[in-house]
Amino acid sequence: MRRLQMSLVAALSAMLLTGCAGFLPTIGPSKSAIESAKPQPNAAAIQIIDIDDAVTRQLLAQRQQRLFSESLGDKRIASRTVGAGDVLEVTIWEAAPATLFGTPVVSVASQAIPTSHATTLPEQAVDDEGDIYVPFAGRIAAAGKTLRAIEREIAERLARKANQPEVLVRLTHNFSSNATVVGEVNVSTRVPLVPGNERLLDALAAAAGVRQPVNKMTIQVTRANNVYSLPLETIIRDPQQNVPLLPGDVVTALFQPYSFTALGATGKNEEINFETQGITLAQALARSGGLIDSRSNARGVFIFRFEPKDALTWPHSPLMTTPEGMVPVAFRIDLSDPASFFTIQSFPIENRDILYVSNAPITEVQKFLNVLFSVAYPTLALKQVGF
């Protein structure tokens with residue numbers, strides 16, 4: 001029996017010392033396995049980058065979102081012009097007694113004739129050719145002109161026909177100067193851009209707000225051939241990002257639930273959502289339950305992600321890239337160094353990152369000893385009872 005026991009112990013020891021794959025249960029690769037991973041012949045290596053202040057600053061500079069106040073500016077409609085489809089109301093005043101658009105009413109009590117007479121023409125839409133029609137003035141080109149310019153042209157045409165005409169043109173329905181709001185809003189709509197109702201949050205309010213939590217929404221503004229995006233939370237928090245819209249702008253509310261996956265010797269292994277504002281590595285570690293004191297290797301904390309080829313200076317060449325031109329990277333940080341606790345407060349976590357904490361080397365020894373004792377203990381127990 002003792003010989004059998006010693007043989008089993010020797011076999012188990014040999015399997016551990018020779019690194020028999022799959023002999024002991026594990027949560028994933030060890031720190032040394034990741035660092036010493038060798039590519040296949042003629043293949044490029046996965047890039048392993050130590051997280052420090054310089055790397056963090058470089059990544060933050062690349063990921064800094066351009067604010068709406070910088071990209072879209074505070075541009076307003078310089079001079080609001082009329083467009084095809086807009087509905088106009090034209091009012092004409094004439095001096096008494098001679099009137100072109102009607103007979104002034106004489107007051108019976110005073111036998112006085114009013115000094116002026118106002119006539120309001122029926123509302124009419126600017127036609128496809130951009131014109132409206134005014135009696136005795138003919139067709140008036142309205143599209144592309146301001147209301148004041150239309151008033152002057154009508155008055156000039158009526159000057160020799162009406163008695164001292166004065167003209168007021170009012171825009172009653174705005175159908176040409178609009179922004180469109182679509183996406184994760186309660187009501188997709190077209191928003192007329194009029195004074196006092198022309199800013200980004202005005203448009204979202206006209207669409208009855210967004211359907212998802214504010215901290216998970218991204219607002220995208222398409223202007224001409226350019227697309228700009230910013231978290232809704234940033235727009236609400238910073239009034240300067242509530243920029244004026246221009247005719248033709250398309251506002252899209254996007255629901256983007258960002259997440260990272262925590263694996264290894266952390267408090268919980270699961271996919272964890274985070275806000276569109278982004279979080280740091282320190283926050284990610286806290287949300288994943290931190291490192292397990294009895295198992296984790298503080299020097300073996302990794303973040304696996306894909307980075308663009310021009311993101312950093314890579315230590316290995318040639319580069320291994322995906323079909324989209326992205327480089328697989330394992331960012332490494334040593335949490336046993338007190339200075340690292342300052343770095344992790346700035347290092348950004350990206351959507352679909354994998355946060356992995358490897359086991360400490362002593363954990364593997366403990367596993368082996370557990371297996372060893374589980375084999376040796378029954379033998380010793382049998383010996384003690386006289387078998």
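## Close-up views of a predicted model

**View 1. Thr119, a buried residue in a strand.** At 13% relative accessibility, Thr119 counts as buried, because the cut-off for buried is under 20%. The model shown here and in the other views is predicted. Thr119 sits in strand S3, which spans residues 116–120. Which residues does Thr119 contact, once neighbours within four places in sequence are left aside? They are Val90, Thr91, Ile92 and Phe101.

**View 2. The chain as a whole.** The protein chain holds 10 helices and 19 strands. It has 387 residues, and 37% of them count as buried. Contacts between residues at least 6 apart in sequence were also sorted by separation. Of these, 67% join residues at least 24 apart.

**View 3. The loop between S5 and S6: Pro135 and Phe136.** Pro135 lies in the loop between S5 and S6. Phe136 lies in the loop between S5 and S6 as well. Is Pro135 buried or partly exposed? Pro135 is partly exposed, with a relative accessible area of 27%. Phe136 also counts as partly exposed, at 43% relative accessibility. Both values fall in the partly exposed class because that class runs between the under 20% limit for buried and the over 50% limit for exposed. The backbone of Phe136 deserves a look. Its phi is near 70°, a positive value in a residue other than glycine. Pro135 touches Phe101, Leu121 and Leu158, with residues up to four places away in sequence not counted. Leu121 is 14 residues from Pro135 in sequence. In space, the two C-alpha atoms are 9.1 Å apart.

**View 4. Helix H5 and its buried side.** Helix H5 covers residues 147–158, 12 residues in total. From first C-alpha to last, H5 reaches 17 Å. That is close to the 16 Å expected at 1.5 Å a residue. Which residues of H5 are buried? They are Leu147, Ile150, Glu151, Glu153, Ile154 and Leu158. These residues lie on the same side of H5, because they cover an arc of only 165° around the axis. An α-helix has 3.6 residues a turn, so residues three or four places apart point the same way. Two of the buried residues are glutamates, Glu151 and Glu153. The face turned away from the buried side carries the exposed residues Arg152 and Glu156. What do the buried residues of H5 pack against? Their partners are strand S2 (87–95), strand S5 (131–134), strand S6 (138–141) and strand S7 (166–173). One of the buried residues, Leu158, is touched by Pro135 of the loop in View 3.

**View 5. The largest pocket.** The largest pocket has a volume of about 590 Å³. Its lining counts 23 residues. Which of them lie nearest the centre? They are Arg63, Gln65, Thr276, Gln277 and Gly278. Four elements give two or more residues to this lining: helix H3 (53–63), helix H7 (232–237), strand S15 (279–280) and strand S18 (348–349). By class, the lining of the largest pocket has eight nonpolar, nine polar and six charged residues.

**View 6. The second largest pocket.** The volume of the second largest pocket is about 330 Å³. It is lined by 15 residues. The closest to its centre are Arg305, Phe306, Asn351, Arg352 and Asp353. H3, strand S16 (296–308) and strand S17 (326–333) each supply at least two lining residues. Which element gives the largest share of this lining? S16 does, with five residues. The lining of the second largest pocket divides into seven nonpolar, two polar and six charged residues. Helix H3 therefore appears at both pockets, giving two or more residues to the largest and at least two to the second largest.

**View 7. A cis bond and a positive phi in two other loops.** The peptide bond from Ser317 to Pro318 is cis, with omega near 0°. Where does Pro318 lie? It lies in the loop between S16 and S17. Ala208 is in the loop between helix H6 (200–206) and strand S10 (217–223). Ala208 is not a glycine, yet its phi is positive, at about 65°. With a relative accessible area of 44%, Ala208 is partly exposed.

Notes:
Residues numbered from 1 in each chain as written. Predicted model: local features only at pLDDT ≥ 70, side-chain atom pairs only at ≥ 80, totals over all residues. Heavy atoms only, no water. 1 Å grid on protein atoms, 1.4 Å probe; cavity = no way out; pocket = protein on both sides within 12 Å on 5 of 7 lines; lining within 4 Å. Points joined across faces, edges and corners; volume = space filled by probe spheres on them. Nonpolar A, V, L, I, M, F, W, Y, C, P; charged D, E, K, R; others polar. Expected span 1.5 Å × (residues − 1). Buried < 20%, exposed > 50% of the residue type's maximum accessible area, 1.4 Å probe, protein only. Arc of directions from axis to C-beta. Contact = heavy atoms within 4.5 Å.
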